[in-house]
Amino acid sequence: MFWADKIALDTETPQPSQIIVVNDSKTPSGRVHVGSLRGVVIHDVIYRALKQAGKPVKFIYGVDDYDALDTVPHYLDQEKFSPYLGFPLCNVPSPEDHAPEYAKFFMGEFLEVFDYLGIKPEIYYLRDKYRSGDINKYIDIFLTKAHLVREAYKQVSKADRPSDWLPFHPICENCGKIATTVTTDYNGKEVFYTCKPHATNYVKGCGHSGWVSPFNGNGKLPWKVEWVAKWDLVGVSIEMAGKDHSQKGGSRDVANSICRKVLAKEPPFHSPYEFILVNGTKMSSSKGVGSSAKEMASLLPPELLRFLMLRTPPKTVINFSPNYETITRLFRDYDTLIAKSSGDELEGKEKAPLIYAQLETESDQISIYRAFDISTLISLLQIPHLDIEAEIEKRSPDLNEFDWQIVRQRIAVARKWLQDYADEEEKLVLYLDQIPDRAQEITEPQKQYFHKLIQNLEATTNWDGDALQTLIFATSREVELSQKEAFQAIYFAFLGKERGPKAGSLFSYLDKSFVLKRLSDVSS
């Protein structure tokens, strides 16, 4: 059984008038990286699985915009934003005029990707929950029972808080920072705090101290405590968490303990999920490492971006890089499953990622199309003076309207990839009007190989890429030339470099007469 369907099956239907609440959240500290989409898609698929199982469910998404700005991303003006370090994100100005402030600017970008992927949770902002007074009762509970919070920290994560430490961070009335304030007393109506110069290692507090009401948005709970307040406030039933928060003694364990000790309630269902790595590196919003969710959404069709997240079980790392090999394999794997689905060869666990990859939430019918290989499109787009659609029509004359819709979508992907992601070594630069200089490096044995290859090519009537690839291999064996040397000679003769695409595919893109003449000219 697919993992999300199993969660849906195991989730108990609540009492009448109750509803299963699936929750996820994000701190919009900068441009949201594609890794954060994994949690979004996972929670969305759990929501869809519960819905398909006929269980009452809703999906909500929280924006933790009362968290502090702790780093100025490298792509922003350091001089402009450094004075706001330690401020609540919703109190930091927007990088651009079309958003009211920092948090809504970056969250707005992320929510555009939600829409693109067909993900439609109810969105709530923590600033509203604090400022409206919705969290007031939890602030009072956790301040009054601070000894239990300290106990949970110590028992679970070995973090020993001072006996006068209270779980609340006021916004400093003097400097506006929330990251530097430390609360040490509570009289039931107000808290006493100090904006400490060395409370954090990234910004200094101003030293101000005084009494202030903790209610109606004057500050926030520490995030592990806030997590528990959110669970109870919005009635969370299911909330997964990334591996970094889910390790033994980690954030989720601390929050679970606080939930049980202070509220005397069981925490929501939880299962960890792994990271998405780019080139083996965990991505960071503030550091700008890796590709942003918005950038990936501008490259991949929504079904493919969802499929990228879903074909790998949540507890397995996804190592993604938008290079030629990874991108073409992603499309090829998706096309292979679509083809199997059209022949009713897919069942259950193997079929589920395709169903949940689609934007349509109410149907388990998979949209079938006749695939056209993305790697072929990438190569065809680089051949000068080629009418791409006419060439596709010649190669696949029976494409229907929906097939063409998919093909044109992939032409756009291929163009975008060539423009923004392709390395020079991955680009196909054909020398049509002249012989490359590097053709002079072709050795005598390689020239003899070309002589034999010309004979075999002249004799063949099948100018298909796979057939040509087989012929190229077979010819190298005939003259006892290594495959590496054979392909190197072809790339020198046509591309002027040592590596390139499949040589059979390369020949298939070109007129037979041109290929024969170039091989003859180089080997004479």
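Is serine 341 buried or exposed? Keep that residue in mind while the whole chain is on screen, and bear in mind throughout that the model is predicted.

**The whole chain**

With everything displayed as a C-alpha trace, the chain spans about 95 × 55 × 40 Å along its principal axes. Colouring by secondary structure brings up 22 helices and 13 strands, and a colouring by accessibility would place 54% of the 524 residues in the buried class. Of the contacts between residues at least 6 apart in sequence, 68% join residues at least 24 apart.

**Serine 341**

Now select serine 341, which is found in helix α13. Its relative accessibility is 10%, and because buried means under 20%, serine 341 counts as buried. If neighbours within four places in sequence are left aside, serine 341 is in contact with Leu346, Leu354, Ile366 and Ile368. For the last of these, draw a distance between C-alpha atoms: serine 341 and isoleucine 368 are separated by 7.8 Å, although they are 27 residues apart along the chain.

**An aromatic pair between α12 and α13**

Staying with α13, turn to the aromatic rings, of which the chain holds 23 pairs. Select phenylalanine 307 and tyrosine 334, whose rings form an edge-to-face pair with 5.0 Å centre to centre and 65° between the planes. This pair links distant parts of the chain, since phenylalanine 307 belongs to helix α12 (residues 302–310) and tyrosine 334 to helix α13 (residues 324–342), 27 residues apart. Both partners can be checked for burial: phenylalanine 307 is buried, with a relative accessible area of 1%, and tyrosine 334 is buried at 5%.

**A second pair, leading to α22**

Next, select phenylalanine 494 and phenylalanine 514, whose ring centres lie 6.2 Å apart with the planes at 65°, so this pair too is edge-to-face. Phenylalanine 494 sits in helix α20 and phenylalanine 514 in helix α22, 20 residues apart, and the pair again links distant parts of the chain. Here the two partners fall into separate classes of accessibility: phenylalanine 494 counts as buried at 0%, whereas phenylalanine 514 is partly exposed, with a relative accessible area of 21%.

**Helix α22**

Extend the selection to the whole of α22 (residues 512–523), a helix of twelve residues that reaches 17 Å from its first C-alpha to its last, close to the 16 Å expected at 1.5 Å a residue. Its buried residues are Val515, Leu516, Arg518, Leu519, Val522 and Ser523. Looking down the axis, one finds that they cover an arc of only 165°, which puts them on the same side of α22. In general, residues three or four places apart in an α-helix point the same way, because there are 3.6 residues a turn. On the other side of α22, Ser513 and Lys517 are exposed. To see what covers the buried residues, add helices α18 (444–459), α20 (483–494) and α21 (503–508), which are among the covering elements.

**Helix α10**

Which residues of α10 are buried? Select α10 (residues 251–262), which has twelve residues and reaches 16 Å from its first C-alpha to its last, close to the 16 Å expected at 1.5 Å a residue. The helix is mostly covered, with nine of its twelve residues buried: Ser251, Arg252, Val254, Ala255, Asn256, Ser257, Ile258, Cys259 and Val262. These residues pack against α6 (136–144), α7 (146–157), α8 (223–234) and α9 (243–246). Just after α10, stop at alanine 264, which takes a positive phi of about 55°.

**The parallel sheet**

For the last stop, show the open sheet formed by three strands in the order β1-β2-β3, where the pairing is parallel. β1 (20–26) and β3 (122–125) stand at the edges with a single partner strand each, so one side of each is left without a neighbour in the sheet. The twist averages 25° from one strand to the next. Strand β2 (residues 57–63) is joined to β3 by four bridges, and the bridge partner of tyrosine 61 in β3 is isoleucine 123. Adding helix α4 (residues 102–116) shows it lying across β1, β2 and β3, running at about 170° to β3. Finally, select Tyr75, Phe81, Tyr102, Phe105 and Phe106, which form one aromatic cluster.

Key
Residues are numbered from 1 along each chain as its sequence is written. This is a predicted model: local features need pLDDT of at least 70, side-chain atom pairs count only at pLDDT 80 or more; totals for chains, interfaces and linings use all residues. Side-chain values use heavy atoms; hydrogens and water are left out. Helices (H or I, at least four residues) and strands (E, at least two) are DSSP runs, numbered from the N terminus. The expected span of a helix is 1.5 Å times one less than its number of residues. Buried means under 20% relative accessible area, exposed over 50%, partly exposed in between (1.4 Å probe, protein chains only). The arc is that of the directions from the helix axis to the C-beta atoms. Contact means heavy atoms within 4.5 Å. Two strands pair if DSSP finds at least two bridges between them. Axes are lines fitted to C-alpha atoms, for helices over the stretch in contact, and angles run from 0 to 180 degrees between N-to-C directions. Rings of Phe, Tyr and Trp (its six-membered ring) pair if their centres lie within 6.5 Å; planes under 30 degrees apart count as stacked, over 60 as edge-to-face and the rest as tilted.
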